[in-house]
Amino acid sequence: MKIVCDASTLILLAKIELLRELTDEFKLVIPERVKKECLAKEGTDAKLIETLIKEKKIEVRVSGNQELVRKIQRDFRIEAGEAEALCLARTLNCVIAVDDGPTIKACRVLGQKFATAIHFLLNMASRNKLDVHVAEVKLEQLARFGRYSKRILEDASERLKGGKKWA
């Protein structure tokens, strides 16, 4: 299964040490601009993403129609990297991995399927690919690194503890 990724989600997954595991399960695709955004700052996250690109576990593609990218940017007030990832996901007819609030709203308006870093974490825990206690630590890391509302974090924590059904 292919998943187009935005820079925010790639970086968050790298920070909580889940990115490599996801590349074993999914074919991750990113637009060229997202690659540039991810590699702009030096650090272990950028090094991991660069390594996964070199290993061909993350495929870099041209996002295509730049006029459409600019229209999506204007209409939804999102950055170029997010707009390119959204256009590419729509072109490839696949899920977009995104943790940017305005882009998530654009996905809802356009009927585009999306997943966040929290979705991937919960999915791995629900399939016993990740120990619940390890998942809780990773959720705490996402709370520190990401921009999630208290409600989203509480809901994810409750799901990890078994208090809520999996979506």
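## Helix α4: the buried side

In α4, the buried residues are D45, A46, I49, L52 and I53. Around the axis they cover an arc of only 130 degrees, so they fall on the same side of α4. The model described here is predicted.

What do these residues touch? The buried residues of α4 pack against α1, α2 (19-25), β2 (27-31), α3 and β3 (58-61).

## Helix α4: the other side and the end

The other side of α4 holds exposed residues: T44, K47 and K54. Exposed here means over 50% relative accessible area, while buried means under 20%.

Just past α4 comes K56. K56 has a positive phi of about 65 degrees.

## The largest pocket

How much space lies in the largest pocket? The figure is about 1400 Å³. Its lining is made up of 48 residues. Those that lie nearest the centre of the pocket are L12, D99, T116, I118 and Y148.

Several elements give two or more residues to this lining. They are α1 (7-15), α3 (32-39), α4 (44-54), α7 (101-110), β5 (114-115), α8 (117-126) and α10 (150-160). Which of the elements gives the most to the lining? The answer is α8, with seven residues.

## Character of the lining

The lining of the largest pocket is mixed in type. It has 24 nonpolar residues, 15 charged and nine polar.

Helix α4 links the two parts of this report. It gives two or more residues to the lining of the largest pocket, and its buried residues pack against α1 and α3, among others.

Key
Residues are numbered from 1 along each chain as its sequence is written. This is a predicted model: local features need pLDDT of at least 70, side-chain atom pairs count only at pLDDT 80 or more; totals for chains, interfaces and linings use all residues. Side-chain values use heavy atoms; hydrogens and water are left out. On a 1 Å grid over the protein atoms alone, a cavity is a set of points where a 1.4 Å probe fits but cannot get out, and a pocket is an open set with protein on both sides within 12 Å along at least five of seven lines; lining residues have an atom within 4 Å of a point. Grid points are joined across faces, edges and corners, and a volume is the space filled by probe spheres set on the points. Helices (H or I, at least four residues) and strands (E, at least two) are DSSP runs, numbered from the N terminus. Ala, Val, Leu, Ile, Met, Phe, Trp, Tyr, Cys and Pro count as nonpolar, Asp, Glu, Lys and Arg as charged, and the others, Gly among them, as polar. Buried means under 20% relative accessible area, exposed over 50%, partly exposed in between (1.4 Å probe, protein chains only). The arc is that of the directions from the helix axis to the C-beta atoms. Contact means heavy atoms within 4.5 Å.
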